[in-house]
Amino acid sequence: MGTSGNKSHFAIAATLRQIGVLLELKKENPYRARAYTNGARALEGLTENLTTLLAEGRLTTVSGIGAALAAQIEEIARTGTSPLLEKLEADLPKGVAELASVAGLGLKAIRTLESELGITSVAKLREACEAGRVRKLPGFGAKTERKLLEKLAARDAPAVGHVELLSTALDLAEAILTFLRASADITRAEIAGNVRRAHETVSSLDVVVATT
């Protein structure tokens, strides 16, 4: 299981998942959003090297990856960026994917939070709720603010210790994989857990290792 360019197939899968989430938030064609999510899942389950599949033009032979999605994956692998993701991020409020991870927050509410209070992260949302500023917004109120605080508390309950953004966690995980794969005793090492599932924030890195 190798990398293509500077991005591993897991990092590319995380990008596809982000695109799927943002398309869903924009209320785009649900089939299109689902295609990116399915494509991410297909990449995560690859049993062949992505670089080889791309070089031989065989990526569309992987179940769940059609021609259009294969072209997107090839572009991300080649350039390290996704123009579609960048466009979606430009069209939507900053931090929308992170805020959408809070149960009950839709795009309309996120737009209001961003435009009225400059809230672009879960940390800023918590701070505003604790200060009683969210209840003053149209469509919110004290009850909604209280429920948001409860959801934020529940959301953070499983987390232990330091929390990192997915992008940082992916860099750390790749460094760990490179180190492990250099050992002659290890036949395979892959990212697992919340990093593999592309959670916006993670508190631990899980790696599965096969060894003789």
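I began with burial in this predicted model. Of the 212 residues of the protein chain, 40% count as buried.

Next I looked up the overall extent. The C-alpha atoms fill a box of roughly 60 × 35 × 25 Å along the principal axes. I noted an accessible surface of about 11400 Å² for the protein chain. Carbon and sulfur atoms hold 52% of that surface.

Then I turned to secondary structure. I found eleven helices and six strands in the protein chain. I also checked the contacts with a separation of 6 or more: 53% of them join residues 24 or more positions apart.

Which residues have the most contacts inside the largest nonpolar core? I listed Leu-43, Leu-59, Ile-65, Ile-73, Leu-125 and Val-134. This core has 46 residues. Helix H1, residues 9-25, gives the most to it, with seven residues.

I followed Leu-43 further, leaving aside its neighbours within four places in sequence. Leu-43 is in contact with His-9, Ile-12, Ala-13 and Leu-16. Its other contacts are Leu-50, Ile-65 and Ile-73.

I also found a second, separate core of 15 residues. Among them are Ala-14, Ala-173, Leu-177 and Val-195.

Last, I went to the surface. Leu-172, Ile-176 and Leu-205 make a nonpolar patch of about 220 Å². I placed Leu-172 in helix H10, residues 166-181.

Why does Leu-172 count as partly exposed? Its relative accessible area is 43%. Partly exposed covers what lies between under 20% (buried) and over 50% (exposed), so Leu-172 belongs there.

Technical notes:
Residues numbered from 1 in each chain as written. Predicted model: local features only at pLDDT ≥ 70, side-chain atom pairs only at ≥ 80, totals over all residues. Heavy atoms only, no water. Patch = residues over 30% accessible without salt bridge, like charges linked within 9 Å, V, L, I, M, F, W, Y side chains within 5 Å. Areas by Shrake-Rupley, 256 points an atom, 1.4 Å probe, with all protein chains shown as cover. Salt bridge = Lys/Arg side-chain N within 4 Å of Asp/Glu carboxyl O. Helix = DSSP H or I, 4+ residues; strand = E, 2+ residues; numbered from the N terminus. Buried < 20%, exposed > 50% of the residue type's maximum accessible area, 1.4 Å probe, protein only. Core = buried A, V, L, I, M, F, W, Y, C linked by side-chain atoms within 4.5 Å. Contact = heavy atoms within 4.5 Å.
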